[in-house]
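Good morning, colleagues. Please have the sequence and the model open while I go through the side-chain contacts.

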Amino acid sequence: MEVPRRPQPSSFTLAFPKPASTALSPLGAVEKLQEKKDGIVEKDQFGEETFSTEEESDVSVTSELVDTNASTMERNLRVSSQDSFSEENSISEEMLAEEAKEAKKRSEEEEAAAKERAAQRQMLAIEELVQSERNYLRLLQVSTVTIRSNLEKLQPPLANLDSMFLYIADVMDVSSQLLSLLDQKQVQPGEPLFLETLCNSFLSLSSDIEAAYKEYLANYNNVTVVENSYKQKEALWNEIVKVIKSSAPEVNATSLSFFLVMPVQRIARYPLLLQTIQKHTDRSHPAYALLEETAHTSIALNCRINEYKRFREVADKYKKTEFLTIKDKFNRLNTHSIVKKTTRISQYIKHETGMAPKLVDEEFDALQGFFDVLDHGILELLENIETYLHHLQAFLACKTEEFDLDMDGEKAPICYKEITTALRQWILPTFEKRMRTLIHKPLCALRDLLVGPRNLIRKRLDKLLDYEVICDKSSLSYEEQAVANTYRTINTLLLNELPQFNGLALQMIWSMLGTFSCLHKDLTSDMEQLFQSFAQQLPHSSLDPSAFWGWAESAVLEGARRLQTLCQSVEDTLKAPFVQPLSPSSQRRLKQLTDKHGSGRIYQVIGTAVASRDLDLNLAKGELVAIITEEDSRGDKRRWLVDAGGRRGYVPSSKLLRYHQATEEPPPSPHVTLPEDLTAMRRHSYTPEGRPLRVTSQLFFQHPLFQVFAAYDFKARGNHEVSVRSGEPVRVLEPHDKRGNPEWSLVEARGGQRGYVPSNYLTIMPMGTGPPGKY
């Protein structure tokens with residue numbers, strides 16, 4: 001029989017209550033407890049604290065006791081474990097909530113700080129945009145007002161100074177408009193509405209900004225060219241730098257480009273400033289969408305300005321008219337140019353012969369046709385205006401009021417002089433000046449403007465021929481791509497700009513035609529006012545309008561008839577054959593040439609002929625020659641081969657006139673009419689009816705009833721002639737010259753002077769009716 005053993009004390013677990021303090025860790029576990037005198041603290045598998053004594057190691061637990069107490073121990077352990085977990089979870093939730101609250105608070109604080117920093121940066125960016133715009137405008141004003149005015153005072157004046165400041169006034173205008181729109185709203189940069197005001201102001205002026213800056217940037221290359229021309233002259237450039245430094249000492253600038261490059265930099269800076277403001281602006285801001293639109297607008301604006309500048313560079317390159325000499329054209333010839341021109345000619349021949357199709361652009365063809373019509377109309381109108389002004393100047397040059405009409409004391413001539421004086425000195429000069437200023441000068445400027453589009457249209461045709469050769473290729477080389485781009489650029493430029501040019505040119509033509517009508521209306525009003533002031537003094541002012549116009553028409557027609565008769569008389573006189581008295585030597589030459597060549601080929605030299613070539617003759621005025629041939633050896637009909645009485649050579653045909661021996665009777669004498677039975681007594685003098693008096697020399701000298709007088713004044717032109725005065729008695733020695741020509745008579749005048757006078761200058765009067773004489 002087995003003796004039962006003494007039961008050993010079993011191990012046990014104590015559950016320690018958790019402290020109420022919330023300063024523990026989120027898990028609420030104590031890492032180390034104070035060691036007891038007789039035990040240590042441990043953690044079981046559920047995380048609970050256990051306490052073991054030293055006796056536990058010496059006593060073993062029997063299986064029976066363990067079995068009986070197992071269920072009780074499990075229940076105690078489960079209950080204690082559930083209590084520990086519930087307490088631990090409640091503490092953890094509280095800790096997590098507090099930490100989340102603190103994190104949220106920290107995030108809110110950080111977010112608020114970030115928003116405040118963004119707002120500060122946004123305000124700084126806005127202030128930078130506005131303040132830099134003010135400084136930019138101030139510097140432009142300094143350059144265009146102070147510096148420019150001081151440069152204009154330099155002597156000698158600077159060439160092309162105005163072209164450097166071209167279009168800068170428009171740039172300053174849009175900048176001042178932008179600042180004035182911001183100032184009108186009276187909103188400060190730190191206020192929320194300022195950003196919206198800034199964006200609205202920029203968007204409203206975007207078209208004006210583009211128009212101003214694109215013209216300035218397109219002209220900026222000219223600014224650098226002019227400034228470089230100044231730099232070529234060292235003394236002049238030193239004076240310019242001195243003026244710039246004295247005009248703007250606070251800037252410390254040393255060139256004009258320091259100021260004039262600012263618009264180029266400013267237009268490119270707008271997108272950067274607006275994008276900086278957008279970067280520091282919250283998306284929830286009310287003006288964010290408007291700010292984004294403004295930034296995109298500024299970028300698009302810069303792109304359009306750059307494209308316009310590129311177009312202008314191409315236009316400036318091809319619209320210039322070059323006047324090249326033949327030597328310059330030959331110097332430009334090379335393999336590339338010859339191949340290019342040959343290709344163009346070949347392509348053009350293919351178009352004309354129908355071998356290759358031609359690219360047709362109906363829109364451009366319509367624009368070009370309208371431009372050609374305008375071109376022809378402008379040139380025709382300018383030619384007509386210049387002819388009109390030429391005739392007006394010829395009319396003003398005829399100072400009819402200065403003529404002595406021998407009608408002093410009559411009212412009509414006095415009124416006529418007053419009217420013509422007012423017309424010549426006041427009304428018509430004013431009209432001519434206005435015509436030149438308002439019509440002729442603008443037409444000349446418009447004619448000069450036609451050169452650029454005309455050259456571009458011609459260059460487009462050349463580039464089109466080049467483009468047609470390469471347009472069907474799948475891949476293009478670098479040079480071919482440049483050719484294609486050049487054609488597209490010129491074509492686009494013409495399609496965009498030619499309609500505007502045509503419209504403005506047509507508008508100018510209509511305006512000038514209207515101005516022309518208004519000028520004539522003003523001229524009519526001035527002349528009507530002038531004539532009305534003299535109307536009461538004219539003899540026909542009392543007539544009614546219909547009778548007055550009938551009288552005026554008849555008077556004008558009668559005056560025109562008389563004028564035509566006078567012109568015809570003058571013309572007949574000018575066309576009369578040139579007759580020069582012959583000396584004895586000339587008479588001998590005339591006989592010699594007539595016997596040799598005939599009378600039909602005798603010519604007289606009407607002007608001194610000076611030899612300018614070989615085989616030419618030197619001939620004096622009045623010499624007689626015979627024509628051999630009416631051209632020289634080369635067939636030039638301006639030089640005739642003549643015989644000058646032994647000498648032969650060439651004479652200009654304009655110096656020769658056919659020699660006519662006068663066969664017409666001389667004009668009648670105005671003094672006396674002789675009886676019919678005495679008309680056969682003399683052959684020199686004529687009656688007013690034109691009947692000659694034919695007498696023999698014996699009857700002439702012995703007739704006691706008549707005396708010979710000089711009917712007209714005659715001034716001797718040589719030693720063989722004698723001067724007589726009208727009414728002076730003369731004695732006729734021979735009624736002809738030595739050759740028997742009755743056109744000249746040898747007479748003896750007072751003082752015993754003898755010589756020849758024209759027979760038709762003599763007249764016969766009965767004795768006692770004329771001036772007394774001793775002959």
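Glu-480 sits in helix α15, which covers residues 478–535. I should say at once that this is a predicted model. Is Glu-480 buried or exposed? Its relative accessibility is 18%, so Glu-480 counts as buried, the cut-off for that class being under 20%. What does the side chain of Glu-480 meet there? A polar contact of 2.7 Å connects it to the side chain of Lys-473. If residues up to four places away in sequence are set aside, Glu-480 touches Ile-470, Lys-473 and Ser-475. Lys-473 thus appears both as a polar partner and in the list of residues touched by Glu-480.

Let me place this in the whole chain. The protein has 775 residues, of which 34% count as buried. Its secondary structure amounts to 18 helices and twelve strands. Taking contacts between residues at least 6 apart in sequence, 64% join residues that are at least 24 apart.

I turn now to salt bridges. How many does a search of the whole structure find? The search returns 29 salt bridges. I shall discuss several of them.

Arg-436 pairs with Glu-432, with 3.5 Å between the closest N and O atoms. Both belong to helix α13, residues 411–449, and because they are four residues apart, about one helical turn separates them. Their surroundings can be read from accessibility: Arg-436, at 29%, is partly exposed, whereas Glu-432, at 12%, is buried.

A second salt bridge joins Asp-643 and Lys-596, the closest N and O atoms being 3.7 Å apart. Which parts of the chain does this pair link? The two parts are distant: Asp-643 lies in strand β5, residues 639–643, and Lys-596 lies in helix α17, residues 584–597, with their positions 47 residues apart in sequence. Asp-643 has a relative accessible area of 2% and is therefore buried. Lys-596, in contrast, reaches 54% relative accessibility and counts as exposed.

In a third case, the side chains of Glu-631 and Lys-637 meet at 3.4 Å, N to O, in a salt bridge. Glu-631 is partly exposed, at 33% relative accessible area, and Lys-637 is exposed, at 56%. Finally in this group, a network of salt bridges links Arg-148, Glu-152 and Asp-162.

The next topic is aromatic residues. The structure contains 13 aromatic pairs. One of these is formed by Phe-258 and Phe-259, in an edge-to-face arrangement with 5.2 Å between centres and 85° between planes. These two residues fall into separate accessibility classes: Phe-258 is partly exposed, with a relative accessible area of 35%, and Phe-259 is buried, at 0%.

Phe-714 and Trp-744 make another edge-to-face pair, with centres 6.4 Å apart and planes at 70°. Here distant parts of the chain are linked: Phe-714 is in the loop between β8 (706–710) and β9 (731–734), Trp-744 is in strand β10, residues 744–748, and the two are 30 residues apart. Both Phe-714 and Trp-744 are buried. They also belong to one aromatic cluster, together with Tyr-712 and Tyr-761.

Two arginines are placed over aromatic faces. Arg-460 lies over the face of Phe-364, at 3.7 Å from the ring centre. Arg-639 lies over the face of Tyr-650, at 4.7 Å from the ring centre.

I close with the nonpolar cores. Which residues have the most contacts inside the largest core? They are Leu-151, Tyr-213, Phe-259 and Leu-260, in a core of 61 residues. Helix α1, residues 63–151, supplies the largest share of this core, namely eleven residues. Phe-259 has already appeared as the buried member of an aromatic pair, at 0% relative accessibility. Beyond its neighbours within four places in sequence, Phe-259 is in contact with Leu-139, Leu-140, Ser-143, Ile-147, Ile-244, Ala-248, Val-251 and Ala-253. Another core, of 43 residues, lies apart from the largest one and includes Leu-367, Ile-378, Cys-444 and Phe-534.

Methods:
Residues numbered from 1 in each chain as written. Predicted model: local features only at pLDDT ≥ 70, side-chain atom pairs only at ≥ 80, totals over all residues. Heavy atoms only, no water. Salt bridge = Lys/Arg side-chain N within 4 Å of Asp/Glu carboxyl O. Buried < 20%, exposed > 50% of the residue type's maximum accessible area, 1.4 Å probe, protein only. Phe/Tyr/Trp six-rings, centres within 6.5 Å; stacked < 30°, edge-to-face > 60°. Lys NZ or Arg CZ within 6 Å of the ring centre and 35° of its normal. Polar contact = N/O pair within 3.5 Å; in protein donor to acceptor, adjacent residues only side chain to side chain. Contact = heavy atoms within 4.5 Å. Core = buried A, V, L, I, M, F, W, Y, C linked by side-chain atoms within 4.5 Å.
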